[in-house]
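Open the model in your viewer and keep a selection box at hand. The stops below say what to select and what is there.

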Amino acid sequence: MEEKKAKAKAFLLFFFFFFSVFITLSTATKETQTLILHPLPSQPTLYWPELETEQPDPEPESASLSVSLHHIDALSSNKTPHELFTQRLQRDAARVKIVTSFVSKAPFSSSPKNQTGFGSQPGFSFSSSVISGLAQGSGEYFTRLGVGTPPRYLYMVLDTGSDVVWLQCAPCKKCYSESDPVFDPKGSRTFAPVPCGSPLCRQLDSPGCDARKKVCEYQVSYGDGSFTVGDFATETLTFRRRASVPRVALGCGHDNEGLFVGAAGLLGLGRGMLSFPTQAGARFNNKFSYCLVDRAASSKPSSMVFGDLAVSRAARFTPLLKNPKLDTFYYVELLGISVGGVLVRGISASLFRLDRTGNGGVIIDSGTSVTRLTRPAYEALRDAFRVGAARLKRAPEYSLFDTCFDLSGMTQVKVPTVVLHFRGADVSLPAGNYLIPVDDKGTYCFAFAGTMSGLSIIGNIQQQGFRVVFDLAGSRIGFAPRGCA
């Protein structure tokens with residue numbers, strides 16, 4: 001009897017081992033996939049369905065809310081698809097320069113500041129649509145939300161690489177041109193200046209004080225020379241009709257100069273203590289997510305969800321890492337990359353390691369378009385992809401892309417698969433997330449680039465179509481394929 005049990009146990013173990021190996025091989029060793037060819041997308045149109053009709057109050061038990069997002073290109077008038085793409089690459093280069101400079105110059109601290117939330121009520125969440133590309137160096141997607149009471153609806157950039165929430169305010173010492181009239185705090189019943197020396201004021205990196213008005217002052221500078229300066233205050237933000245978040249600390253900018261275009265300001269979604277997710281964390285259970293659509297392949301809007309419904313059941317999660325130098329960015333652990341079902345030789349976890357002094361590492365960033373990998377990793381990935389795509393006709397280099405193909409006259413092609421192996425989560429990229437059109441002549445380029453910096457950045461082109469989940473309560477980031485439905 002014991003012998004029969006042992007044989008049965010051995011058979012079951014063998015069966016489960018064989019089944020797991022079969023599943024692994026069938027998914028991990030897939031060599032190619034089909035790329036459906038699309039032209040460069042034209043300028044998108046703005047549509048805010050959640051603002052056009054009265055929305056019911058969110059159910060408390062759902063603890064979630066969703067909003068629409070758009071790409072910055074929607075605010076660029078009379079531009080051809082090629083001009084829009086060229087501007088995107090220019091913004092991207094400036095963005096990467098800013099991010100890497102910010103990280104390299106951040107002072108080292110072994111005890112990061114405590115991230116304390118403000119103005120939050122537990123068990124509530126919301127969502128919004130997202131648009132990309134509003135400001136050079138300040139994010140690629142924006143939404144439309146209400147500021148003040150009664151709410152004035154304005155375009156606000158969303159940026160996972162920034163913390164402070166700010167917008168242009170009257171009276172303007174100097175304001176750039178935006179799509180809506182500049183917000184006037186005198187017209188809001190809920191606008192409240194933050195006093196000098198208050199605990200909230202002291203959370204700014206470099207707080208100032210207007211001695212005459214006894215009001216706390218803020219300043220945010222970007223590496224491209226853009227900056228915003230003004231009064232620090234608290235205000236109500238409305239993401240849908242009746243779905244409001246009170247007492248959000250924000251900058252009311254009276255002097256705003258630089259390369260900002262169209263939007264009224266910025267909604268910082270970073271990990272710092274003054275970011276919107278940290279301030280309102282308890283209100284939406286410390287969870288949010290976004291899904292960015294490929295505008296060339298879909299007419300659906302991108303979207304952002306705050307609250308419990310932000311967490312997709314299909315998501316595969318990887319732990320969040322902490323950088324001891326600064327708390328703004330979302331760091332993850334990248335272990336390797338596969339091309340054509342085979343791990344790329346020359347790419348190891350050591351190339352992406354975040355060291356004890358806060359250098360190196362990999363961040364997930366919504367404001368960077370093209371993924372940047374530290375140079376040795378990029379060259380190994382590029383060379384492996386070139387071997388796998390040897391049958392495709394090569395084309396000259398284009399801008400920052402050194403691996404391009406002439407696919408003119410074709411409607412679809414087979415390309416090598418690319419899989420990012422994070423700790424605990426293998427993310428298999430759709431073909432359109434790494435081979436993209438760059439002109440109207442059928443030229444497609446491999447949408448990765450190298451950087452001499454030790455910092456690697458996973459950009460929004462590679463994130464397209466995934467619901468990217470920021471579960472701050474669980475200190476993890478998740479990726480759910482086909483998450484924009």
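Select cysteine 175 to begin: its relative accessibility in this predicted model is 25%. That value makes cysteine 175 partly exposed, because the buried class ends at 20% and the exposed class starts over 50%. Now add cysteine 172, which is bonded to cysteine 175 through a disulfide with an S to S distance of 1.9 Å. Cysteine 172 has a relative accessible area of 36%, so this residue is partly exposed too. Set a dihedral about the S-S bond and the viewer should give -80°, a left-handed link.

Next, select cysteine 291 and cysteine 484. Their sulfur atoms form a disulfide, again listed at 1.9 Å from S to S. The torsion about this S-S bond is about -90°, so the disulfide is left-handed. Cysteine 291 belongs to strand 13 (residues 287-291), while cysteine 484 sits in the segment after strand 31 (476-480), so the bond ties together parts that are 193 residues apart in sequence. How buried is each end of this bond? Cysteine 291 has 1% relative accessibility and counts as buried. Cysteine 484 is buried as well, at 18%.

Move on to cysteine 404 and cysteine 445. The two sulfur atoms are 2.0 Å apart and form a disulfide. The angle about the S-S bond is 100° here, which makes the link right-handed. Cysteine 404 is in strand 22 (residues 404-406) and cysteine 445 is in strand 27 (residues 443-446), so the bond connects parts 41 residues apart in sequence. Both cysteine 404 and cysteine 445 are buried.

To see the full set, display every bonded cysteine. The whole structure contains six disulfides. With the bonded cysteines numbered in sequence order, the pairing reads 1-8, 2-3, 4-6, 5-7, 9-12, 10-11.

From strand 27, step to alanine 447, in the loop between strand 27 and strand 28 (448-451). Is alanine 447 buried or exposed? Its relative accessibility is 0%, so alanine 447 counts as buried. Show its contacts, leaving aside neighbours within four places in sequence: these are Val370, Thr371, Phe401, Tyr434, Ile436, Ile461 and Gln462. Then draw a C-alpha to C-alpha distance from alanine 447 to arginine 382; the value is 10.0 Å, for a pair 65 residues apart in sequence.

Keep arginine 382 selected and add Asp383, Arg386 and Asp402. These four residues are linked in a network of salt bridges. Across the whole structure, a search finds 17 salt bridges. Three further examples follow.

Select arginine 91 and glutamate 140. Their closest N and O atoms are 2.7 Å apart, in a salt bridge. Distant parts of the chain are linked by this pair: arginine 91 is in helix 3 (residues 81-105), and glutamate 140 is in the loop between strand 3 (127-131) and strand 4 (141-147), 49 residues apart. Both arginine 91 and glutamate 140 are buried.

Stay on helix 3 and select arginine 95 together with aspartate 365. They form a salt bridge, with the closest N and O atoms 2.7 Å apart. Aspartate 365 lies in the loop between strand 19 (362-364) and strand 20 (371-374), and its partner arginine 95 in helix 3 is 270 residues apart from it in sequence. Aspartate 365 and arginine 95 are both buried.

Now select aspartate 231 and lysine 213, whose side chains meet in a salt bridge at 3.0 Å, N to O. Aspartate 231 is in strand 10 (residues 227-240) and lysine 213 in the loop between strand 8 (208-210) and strand 9 (215-221), so the salt bridge ties together parts 18 residues apart in sequence. Aspartate 231, at 11% relative accessibility, counts as buried, whereas lysine 213 is partly exposed at 38%.

Last, switch to a cartoon view and pick strands 18, 17, 24 and 25. In that order they make an open sheet of four strands with antiparallel pairing. Strand 18 (342-343) and strand 25 (425-428) are the edges, each having a single partner strand, so one side of each is left without a neighbour in the sheet. Strand 17 (residues 334-339) pairs with strand 18 in the antiparallel sense over two bridges. Which residue of strand 18 is the bridge partner of serine 338? Select leucine 343, which is that partner.

Technical notes
Residues numbered from 1 in each chain as written. Predicted model: local features only at pLDDT ≥ 70, side-chain atom pairs only at ≥ 80, totals over all residues. Heavy atoms only, no water. Pairing = 2+ DSSP bridges. Disulfide = S-S within 2.5 Å. Buried < 20%, exposed > 50% of the residue type's maximum accessible area, 1.4 Å probe, protein only. Contact = heavy atoms within 4.5 Å.
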